[in-house]
Amino acid sequence: RGLCDSNSNVTVLGDLNAHLTAWNATDRDTTQGHALSGLLDEEGRTQITRDQPTRYSPGGKSLSLLDLVITNQPHHVTNLSVLPPISDHCPVIFDFLVHPSRTARTRLPPRYS
């Protein structure tokens, strides 16, 4: 079914082996890429990693964007960068802004005199 409860804030990251040329960094589409894109549209999620490949095939003949950052809070993902490869994959780093709940209150310990 879906990625999660539609009211939850979710971020998913990983090597998902889903190719989609619409993400501007891969040379082909796959069934998995189309399925993931459809699921993201249906669930209101955004694939953040774009425009730069994250995997280089042996010999560098083929470039792919496989290491994805998916969220329903895209404004919380900042400073995303794809670093040079450390194997056949490139590390993807980013900052994720976390805000405390507005309803959460800090409870202070009682003061005794």
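Student: How do strand 2 (residues 46-47) and strand 5 run where two bridges join them, parallel or antiparallel?
Tutor: In this predicted model, two bridges join strand 2, residues 46-47, to strand 5. One of the residue pairs involved places T46 opposite T71 of strand 5. Strands of a sheet pair through backbone hydrogen bonds, either parallel or antiparallel. For strand 2 and strand 5, the direction of the pairing is antiparallel.

Student: How many bridges join strand 1 (residues 11-15) to strand 5?
Tutor: Strand 1 covers residues 11-15 and runs antiparallel to strand 5. Along this pairing, T11 has T71 as its bridge partner, while L13 has V69 as its partner in strand 5. The number of bridges that join strand 1 to strand 5 is five.

Student: Which strands are the edge strands of the open sheet of three strands?
Tutor: The open sheet has the order 1-5-2, with antiparallel pairing, so an edge strand can be recognised as one that pairs on one side only. The edge strands are therefore strand 1 and strand 2.

Student: Why is strand 5 (residues 67-71) described as largely enclosed by the rest of the structure?
Tutor: In a regular strand the side chains alternate between the two faces of the sheet. In strand 5, D67, V69 and T71 point one way, whereas L68 and I70 point the other way, and all are buried. A residue counts as buried when its relative accessible area is under 20%. Strand 5 is largely enclosed because the residues that are buried number five of the five.

Student: Which helix supplies at least two residues of the largest nonpolar core?
Tutor: The largest nonpolar core has nine residues, namely A18, L20, W23, A25, L36, L40, L65, L68 and I70. At least two of these residues come from strand 5, and at least two also come from a helix spanning 31-43, which is helix 1.

Student: Which residues are in contact with A25, leaving aside its neighbours within four places in sequence?
Tutor: A25 belongs to the largest nonpolar core, and L65 is another of the residues listed there. Once the neighbours within four places in sequence are left aside, the residues in contact with A25 are D51, Q52, P53, L63, S64 and L65.

Student: What pattern does the protein chain follow along the sequence?
Tutor: The protein chain has one helix and seven strands. Read along the sequence, these elements follow the pattern β-α-β-β-β-β-β-β.

Student: What percentage of the 113 residues in the protein chain is buried?
Tutor: The protein chain exposes about 7,900 Å², of which carbon and sulfur atoms supply 51%. Among its 113 residues, the buried share is 29%.

Technical notes
Residues are numbered from 1 along each chain as its sequence is written. This is a predicted model: local features need pLDDT of at least 70, side-chain atom pairs count only at pLDDT 80 or more; totals for chains, interfaces and linings use all residues. Side-chain values use heavy atoms; hydrogens and water are left out. Buried means under 20% relative accessible area, exposed over 50%, partly exposed in between (1.4 Å probe, protein chains only). Helices (H or I, at least four residues) and strands (E, at least two) are DSSP runs, numbered from the N terminus. A nonpolar core is a set of buried Ala, Val, Leu, Ile, Met, Phe, Trp, Tyr and Cys residues joined through side-chain atoms within 4.5 Å. Contact means heavy atoms within 4.5 Å. Accessible areas come from the Shrake-Rupley method with a 1.4 Å probe; for residues, only the protein chains shown count as cover.
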